[in-house]
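Student: I would like a close look at a single part of this model, with the terms spelled out as you go.

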Amino acid sequence: MGVPDVAVVRRHVRVTGRVQNVTYRDSTRREAERLGVAGWVRNLPDGSVEAALEGRQDAVDALLTWMHRGPLLAGVDVVDATVVPPEGDEVFRVR
């Protein structure tokens, strides 16, 4: 019997609060790379941050938990994550 396939999940995320100009995007990229999560993160004109996270369920959940705190200077109010179909991302990018 072989090793079972690990399911890949994807979440579309919007983070509100003090999340721009506090290294939130680059810190998210570093944490994603540490956890083995692919996807992207970008600032939105309204001051929020948008991201797509793709990887193993436990790794994506761990990154979402981290995103509720963010880097030291961030002040996260809300992290809204929606389940979306995986798209096959293999790296994590700051947009």
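Student: In which loop is Asn-21 found?

Tutor: Asn-21 is found in the loop between β1 (8-18) and α1 (24-35), where helices (H or I, at least four residues) and strands (E, at least two) are DSSP runs numbered from the N terminus. This is a predicted model, in which local features need pLDDT of at least 70 and side-chain atom pairs count only at pLDDT 80 or more, while totals for chains, interfaces and linings use all residues. Residues are numbered from 1 along each chain as its sequence is written, and side-chain values use heavy atoms, with hydrogens and water left out.

Within that loop, the phi of Asn-21 is near 65 degrees, a positive value in a residue other than glycine, and Asn-21 counts as exposed at 80% relative accessibility (buried is under 20% relative accessible area, exposed over 50%, partly exposed in between, with a 1.4 Å probe and protein chains only). Thr-23, which is found in the loop between β1 and α1, has a positive phi of about 65 degrees although it is not a glycine, and Thr-23 counts as exposed at 52% relative accessibility.

As for the wider setting, the unreviewed UniProt entry carries the annotation "domain: Acylphosphatase-like" for residues 10-95; UniProt positions are given in the numbering used here, feature names are shortened, and annotations may be inferred rather than shown by experiment. The span of residues 10-95 is 29% helix and 42% strand, and its end C-alpha atoms lie 18 Å apart.
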